[in-house]
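Got the viewer open? Keep the selection tool handy, and let's walk through a few stops one at a time.

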Amino acid sequence: MPTPWIVGLAGAVFAVGAAGVMVRRNPLIMFMSAEMMWNAAALAFVAYAHQFHQMTGQVMAFVIVATAAAEVGIGLALIVWIYHRRPRLDVDEISEMKG
Amino acid sequence: MIIPMLEPEFLMGIGVLVTLVLAMVVRERSNTAYWSGLVFAVAAGVRSFTLHPAAHLVGGMMVADGYGLVVNIMVTAAVAAGLLLAFDSGRYTVEFPALILLAGLGGMIMGLAANFILLFLGLELLSLPLYILAASRRDARSGEAGLKYLLTGAFSSGVLLFGMALLYGSTGTVTFINYTTLHLIPVLLGAGLALVIVGLGYKLAIVPFHMWVPDVYEGSPTPVTTFMAFGTKVAAAAALLRVLAFGFALTSGVWGLALGYFAVLTMLAGNLLALPQRDLKRLLAWSGVGNAGYVLVGIASHTVSGAQAALFYLLPYGMAIVLAFGVIRVLEGQQEGAQMEDLTGLAHREPWLAAGLTVALLSLAGIPLTAGFFGKFYLIKGALQGDQWGMAIGLVVATIVSLGVYFRPIQYMFREGEGRPAQWSVGAAVVVAGAAFVTLFIGVYPQPLLHFVAHAATFTWLR
């Protein structure tokens with residue numbers, strides 16, 4: 001498969017993720033969309049690494065996956081902790097600070 | 001082979017492990033872990049200061065040079081300030097010192113990263129502990145701050161990552177030094193560079209990527225906010241400067257222009273929106289946004305003196321903001337956060353505290369005899385040497401607006417009446433005294449620091 005197609009797919013996934021973060025109001029979905037953006041980047045890295053016959057992009061993809069796992073661990077813990085305080089999850093309602 | 005230039009990073013890494021073990025072994029409500037964290041942070045800072053700046057390119061992954069050392073000193077100072085402000089309150093968890101040290105290590109790695117893999121790792125090592133720390137107080141506002149920081153942080157890292165992927169795709173490399181020969185910017189490369197600037201812009205808090213700043217600064221515990229305001233900003237600015245002024249030096253006409261507009265927008269918006277704030281932490285958050293714009297002026301002017309000025313300005317800014325947060329820490333006592341009204345009559349009740357806050361605000365406003373004056377002076381000089389009149393005028397206008405921001409708290413301090421009683425702690429007193437001393441010292445005698453920084457921010461040795 002030619003690289004531009006795969007990168008095009010990665011771009012589409014990235015756009016869907018970015019739109020998800022901006023449009024959706026549930027922190028869990030927003031967080032998931034952000035993770036989609038990360039995975040789109042990892043896909044693009046792998047596609048380019050395949051094209052260049054290099055390991056650099058592959059290494060970067062692994063780094064991204066590992067870091068995303070760490071971030072999910074922290075993120076889910078945070079969201080669950082907030083969920084314990086308020087049963088409905090909506091970032092528009094989580095706004096005590098304004099100005 | 002262990003390179004001596006990396007000793008501060010090793011010290012910090014060992015410090016994280018020792019502090020973690022200590023936090024596990026000793027009982028709760030003991031200061032042992034804090035002491036250990038403080039000792040290692042100070043040791044790493046002092047080692048960075050005493051090392052002779054040489055320049056090594058370590059396997060294309062990192063550049064161990066004077067620039068990294070300057071970043072090390074500032075980041076370790078931010079870690080030490082955060083630890084001291086959290087010290088004898090016993091309100092913060094035992095994991096606090098290990099986490100803030102880990103974030104500091106991330107910032108130090110960002111300062112010496114020479115390719116995007118290490119830059120990304122450093123950024124995440126800086127961000128992940130800060131998500132936890134922002135939410136570490138057990139109330140709703142802290143949780144809100146942590147959640148907002150997490151969501152914007154994950155989003156901005158995603159943007160940065162995709163930008164890196166596009167840069168990798170159009171050049172076949174992730175190492176900055178391989179970008180130094182680029183003369184033209186094709187579309188794909190331009191898109192990648194734009195996304196990288198946006199991703200780092202979120203961390204640096206430049207307008208229009210700043211909306212998380214006031215809420216996160218206000219909701220986080222004050223020691224954590226202190227580290228965020230100084231350490232994170234230093235690391236993000238250092239990484240941006242290294243990528244642009246070093247990697248993309250030959251195509252500066254393209255990114256310099258775009259960054260110039262961002263700089264003017266950030267300076268004006270940050271200072272204008274600081275005007276109506278009544279919460280002191282929010283006021284300083286907006287002031288931090290405005291100051292990110294000042295730093296951006298130095299980067300965007302794409303001259304050597306501009307880069308030097310940008311790196312130099314981070315220290316006066318950081319010292320002033322640490323000093324101001326130290327005063328807030330003394331004022332707030334057991335209840336987090338401080339309002340403008342809490343300052344009423346402070347000049348009569350607590351003259352030393354009022355003097356400290358006055359020095360901080362005057363330095364942020366850029367009044368002579370404080371460090372902030374020289375910071376802004378060299379920024380304007382750098383902008384004019386790059387023939388960037390628009391940015392120089394924007395900086396002056398923003399400074400005039402900021403006078404209105406910074407004189408209002410001073411006015412409150414001299415009013416008659418009863419505000420909030422101050423609650424001194426030894427750690428906060430050390431922070432206030434130390435930051436005030438450095439601010440005034442640089443304001444009177446900036447030459448040694450200037451020489452040190454000017455040498456560090458010259459990347460020409462690689463070309």
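The tour starts with a whole chain and then moves on to helix pairs and single residues. Keep in mind throughout that this is a predicted model.

**Stop 1: chain A**

Select chain A on its own. You'll find three helices and zero strands, so to speak an α-α-α pattern when you read along the sequence. Turn the C-alpha trace around: along its principal axes it spans about 50 × 25 × 25 Å. The radius of gyration of chain A is 17 Å, while a compact globule of 99 residues would come in near 13 Å. Buried residues account for 42% of the 99 residues in this chain. Now switch on contacts between residues at least 6 apart in sequence: in chain A, 55% of them join residues at least 24 apart.

**Stop 2: S33(A)**

Staying in chain A, zoom in on helix α2, residues 27-52, and pick S33(A). Is S33(A) buried or exposed? Its relative accessible area is 6%, under the 20% cut-off, so S33(A) is buried. Leave aside the neighbours within four places in sequence, and the residues in contact with S33(A) are G17(A), G20(A) and V21(A).

**Stop 3: α2 and α3 of chain B**

Over to chain B. Select helix α2 (residues 32-50) together with helix α3 (residues 66-85); their axes come within 8 Å and cross at roughly 160 degrees. That angle is over 145 degrees, which means α2(B) is roughly antiparallel to α3(B). The crossing of α2(B) and α3(B) is left-handed.

Show side chains next. On the α2(B) side, the contact includes Y34(B), L38(B), A41(B) and F49(B), and on the α3(B) side it includes L69(B), I73(B), V79(B) and L84(B). Colour the contact of α2(B) with α3(B) by class and you get 11 nonpolar, five polar and no charged residues.

**Stop 4: α4 and α9 of chain B**

Now select helix α4 (residues 96-112) and helix α9 (residues 222-247), both of chain B. The axes of this pair come within 8 Å and cross at roughly 15 degrees. An angle under 35 degrees makes α4(B) roughly parallel to α9(B). The crossing of α4(B) and α9(B) is left-handed.

Which residues make the contact? From α4(B), look for F96(B), I100(B), A103(B), G104(B), G107(B), M110(B), G111(B) and L112(B); from α9(B), pick out P223(B), V224(B), F227(B), A235(B), A236(B), A239(B) and R242(B). By class, the contact of α4(B) with α9(B) divides into 11 nonpolar, three polar and one charged.

**Stop 5: D215(B)**

Select D215(B), in helix α8 (residues 213-219) of chain B. With a relative accessibility of 11%, D215(B) counts as buried. Turn chain A back on for this stop, then look at what D215(B) touches: M97(A), E144(B), A145(B), K148(B) and R282(B), not counting residues up to four places away in sequence.

**Stop 6: A398(B)**

Last selection: A398(B), in helix α16 (residues 389-413) of chain B. A398(B) has 0% relative accessibility and so counts as buried. Setting aside neighbours within four places in sequence, A398(B) is in contact with M267(B), L268(B), N271(B) and Y294(B). To finish, draw a distance from the C-alpha atom of A398(B) to that of A229(B): the two residues lie 169 residues apart along the chain, and these atoms are separated by 19 Å.

Notes:
Residues are numbered from 1 along each chain as its sequence is written. Chains are lettered from A and ligands numbered from 1 in the order in which they are written. This is a predicted model: local features need pLDDT of at least 70, side-chain atom pairs count only at pLDDT 80 or more; totals for chains, interfaces and linings use all residues. Side-chain values use heavy atoms; hydrogens and water are left out. Axes are lines fitted to C-alpha atoms, for helices over the stretch in contact, and angles run from 0 to 180 degrees between N-to-C directions. Helices (H or I, at least four residues) and strands (E, at least two) are DSSP runs, numbered from the N terminus. Angles under 35 degrees count as roughly parallel, over 145 as roughly antiparallel, 65 to 115 as roughly perpendicular and the rest as oblique. A crossing is left-handed if the near helix is turned anticlockwise from the far one by less than a right angle, and right-handed if clockwise. Contact means heavy atoms within 4.5 Å. Ala, Val, Leu, Ile, Met, Phe, Trp, Tyr, Cys and Pro count as nonpolar, Asp, Glu, Lys and Arg as charged, and the others, Gly among them, as polar. Buried means under 20% relative accessible area, exposed over 50%, partly exposed in between (1.4 Å probe, protein chains only). The radius of gyration is taken over C-alpha atoms; the globule rule is 2.2 Å times the number of residues to the power 0.38.
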